[in-house]
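Please consider the cysteines of the model below, together with two further residues and one pair of helices. The account proceeds in running paragraphs.

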Amino acid sequence: QGGGSKGIYAKLTVVVVVLLICTFSVFFLATISGNRGSLEPSEKNARRKIREFELAMMSVINVEELWESAKSGGWRPSSAPRSDWPPPPKETNGYLRVRCNGGLNQQRSAICNAVLAARIMNATLVLPELDANSFWHDDSGFQGIYDVEHFIQTLKYDVRIVESIPEIHKNGKTKKIKAHQIRPPRDAPISWYTTVALKKMKEHGAIYLTPFSHRLAEEIDNAEYQRLRCRVNYHALRFKPNIMRLSESIVDKLRAQGHFMSIHLRFEMDMLAFAGCFDIFSPEEQSILKKYRKENFADKRLVYNERRAIGKCPLTPEEVGLVLRAVGFDNSTRIYLAAGELFGGERFMKPFRDLFPRLENHSSVDSSEELVANTRGLLGSAVDYMVCLLSDIFMPTYDGPSNFANNLLGHRLYYGFRTTLRPDRKGLAPIFIDRENGQTAGFEQAVRRVMLKTNFGGPHKRVPPESFYTNSWPECFCQMSPSNPADKCPPDNVLEILESQLENEVNRDLEASMETNSTRRTEI
């Protein structure tokens, strides 16, 4: 596609310009120093100009390189076990039911936690329930969104999974197991599952954990447990074939005209009400936001200017466009928007569209009846997720409390360090405020300097409050030639090893069953 040659050309151009500036700087300063007595004001001015040149060169971003994946540093994704990982035994301690509440991506992380909880307790996991009605008014359920057979098959080395709790047949009678309902504490430690939850499971034969959003601690000092979460999130949870076909069709149409980026434009009523960012809206719009906040969130003193200054307000569509222009993208850039209903409507969208007219969403690219009928449901969210995952560049505009953005950042990291643009809202706030007050000089350069301090999708240390689901490095990555033995990639035949262990477990169960039957016949 010529991207490589363009990138090399751009790099050579930058190098030549830097060399010219450095040569000019040395020559000019040498000339000034020879005339120090009479040219002090000129010297100061020259130094200031040179410093401006240097700052300009320091804030150069090569857009051609952004269309490619970030540098991996020799790391590659790997969530296979690296130590002894026995298969799940035939006899478990009971059944685990969970109800995953929230939106699609909050439910996704809850499913990962449910699988890990089942492994920790040696439980049989009942296919997780998705409480879609509370958020999407959509009752698709797990079977309507995910490939159930693939989910069960992929995790066969980790946990036993059934679609429903089976009935017990004993002495000619049929008995149903009623799961004992428990409300787990938020971010519960492993010890809660191995004590409180396990005790109830053994007492009742089954437990029902509800609600199950953020009910297992993310930071666990056990790399194998964290890798199990990655196996669930990035391998086992595959959308149904119809969703995959729709997503791939949209991506193919977008990519037919070259590169494209995706943006999660989180400028929606629920997030604006949550953030408490009201002042830019009309009195009528503010009353709507305040009413929504009062009905859905805890009462809290919120001052717009203070919230914005600390990066707690979502970027407006215009601010998103200005950041992209400052980084170096022009109006030919094709952008896929993953967003619900934009609050404030066209008044906020027009400045963005004026900067970037080639905007698309799943409805404009694919107007199939299936997608149109489910635009606001789990199907529409699943398609947006896949298109954003496969896009060349992904930009979240409010990745703090957004599960959609957080999960995608983690998935794109695992998918091969795919480029992400993560605006530092706190760092950008004073720059935008200065611009609004008429101070436009050096605006784009200041934006670039802030953006250059962010991570563009490469491996980086996870620092709170960054979530494990946003950044699973280093637990779910490995190196072929590591300096730390813990980072070494597992053997290529790891699946064969796990399959062999599973077969041995099945054979032991068969032998034990045959011995039991033989003993019974002898007694008779």
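In this predicted model, Cys-112 is buried, its relative accessible area being 0%. Its sulfur has as its closest cysteine sulfur that of Cys-230, at 8.1 Å, which is too far for a bond. A disulfide requires the two sulfur atoms to lie within 2.5 Å. Cys-100 is likewise to be considered here: the closest cysteine sulfur to its own belongs to Cys-112, and because the separation is 9.5 Å, a bond is ruled out. With a relative accessible area of 0%, Cys-100 is buried.

Which residue, then, is the disulfide partner of Cys-230? Cys-230 is bonded to Cys-476, with 2.0 Å between the sulfur atoms. Cys-230 belongs to helix α8 (residues 223–236), whereas Cys-476 is in the loop between α20 (443–452) and β14 (477–479), so this disulfide ties together parts of the chain that are 246 residues apart in sequence. The link is right-handed, with 95° about the S-S bond. Cys-230 and Cys-476 are both buried.

How many disulfides does the structure hold? There are 3. As general background, a disulfide is a covalent bond that joins the sulfur atoms of two cysteines.

Another of these bonds joins Cys-277 to Cys-313, whose sulfur atoms are 2.0 Å apart. Cys-277 is placed in the loop between α10 (269–275) and α11 (283–296), and Cys-313 in the loop between α12 (304–309) and α13, so the bond ties together parts that are 36 residues apart in sequence. Because the torsion about its S-S bond is about -95°, the disulfide of Cys-277 and Cys-313 is left-handed. Cys-277 has a relative accessibility of 2% and counts as buried; Cys-313, at 8%, counts as buried too.

The remaining bond to describe is that of Cys-478 and Cys-489, again with the sulfur atoms 2.0 Å apart. Strand β14 holds Cys-478, and the loop between β14 and α21 (494–523) holds Cys-489, the two cysteines being 11 residues apart. Here the torsion about the S-S bond is about 85°, and the disulfide is therefore right-handed. Cys-478 counts as buried at 0% relative accessibility, as does Cys-489 at 10%.

How are the bonded cysteines paired when they are numbered in sequence order? The pairing reads 1-4, 2-3, 5-6.

The loop that holds Cys-313 ends at α13, and this helix leads to the packing of two helices. The axes of α13 (residues 317–327) and α19 (residues 425–436) come within 12 Å and cross at roughly 100°. Since angles of 65 to 115 degrees count as roughly perpendicular, α13 and α19 are therefore described as roughly perpendicular to each other. On the side of α13, the contact is made by Glu-318, Glu-319, Leu-322 and Val-323; on the side of α19, by Leu-428, Phe-432, Arg-435 and Glu-436. By class, the residues of this contact comprise 4 nonpolar and 4 charged, with no polar ones.

Attention now turns to Met-201, a residue of helix α7 (residues 190–204). Is Met-201 buried or exposed? Its relative accessibility is 0%, and Met-201 therefore counts as buried. Apart from residues up to four places away in sequence, Met-201 touches Asn-93, Gly-94, Tyr-95, Leu-96, Met-121, Ala-123, Ala-206 and Ile-207. Among these, Ala-123 stands 78 residues from Met-201 in sequence, while their C-alpha atoms are 8.6 Å apart in space.

The last site is Asp-392, in the loop between α17 (378–390) and β13 (393–396). Although Asp-392 is in a loop, its relative accessibility is 12%, and Asp-392 counts as buried because the limit for that class is under 20%. What are the contacts of Asp-392 beyond its neighbours within four places in sequence? They are Leu-66, Trp-67, Arg-255, His-259, Phe-260, Arg-412 and Thr-419. With one of them, Arg-255, the side chain of Asp-392 forms a polar contact of 3.3 Å.

How values were computed
Residues are numbered from 1 along each chain as its sequence is written. This is a predicted model: local features need pLDDT of at least 70, side-chain atom pairs count only at pLDDT 80 or more; totals for chains, interfaces and linings use all residues. Side-chain values use heavy atoms; hydrogens and water are left out. Helices (H or I, at least four residues) and strands (E, at least two) are DSSP runs, numbered from the N terminus. Buried means under 20% relative accessible area, exposed over 50%, partly exposed in between (1.4 Å probe, protein chains only). A polar contact is a pair of N or O atoms within 3.5 Å; within protein, one must be able to donate a hydrogen and the other to accept it, and residues adjacent in sequence count only if both atoms are side-chain atoms. Contact means heavy atoms within 4.5 Å. Axes are lines fitted to C-alpha atoms, for helices over the stretch in contact, and angles run from 0 to 180 degrees between N-to-C directions. Angles under 35 degrees count as roughly parallel, over 145 as roughly antiparallel, 65 to 115 as roughly perpendicular and the rest as oblique. Ala, Val, Leu, Ile, Met, Phe, Trp, Tyr, Cys and Pro count as nonpolar, Asp, Glu, Lys and Arg as charged, and the others, Gly among them, as polar.
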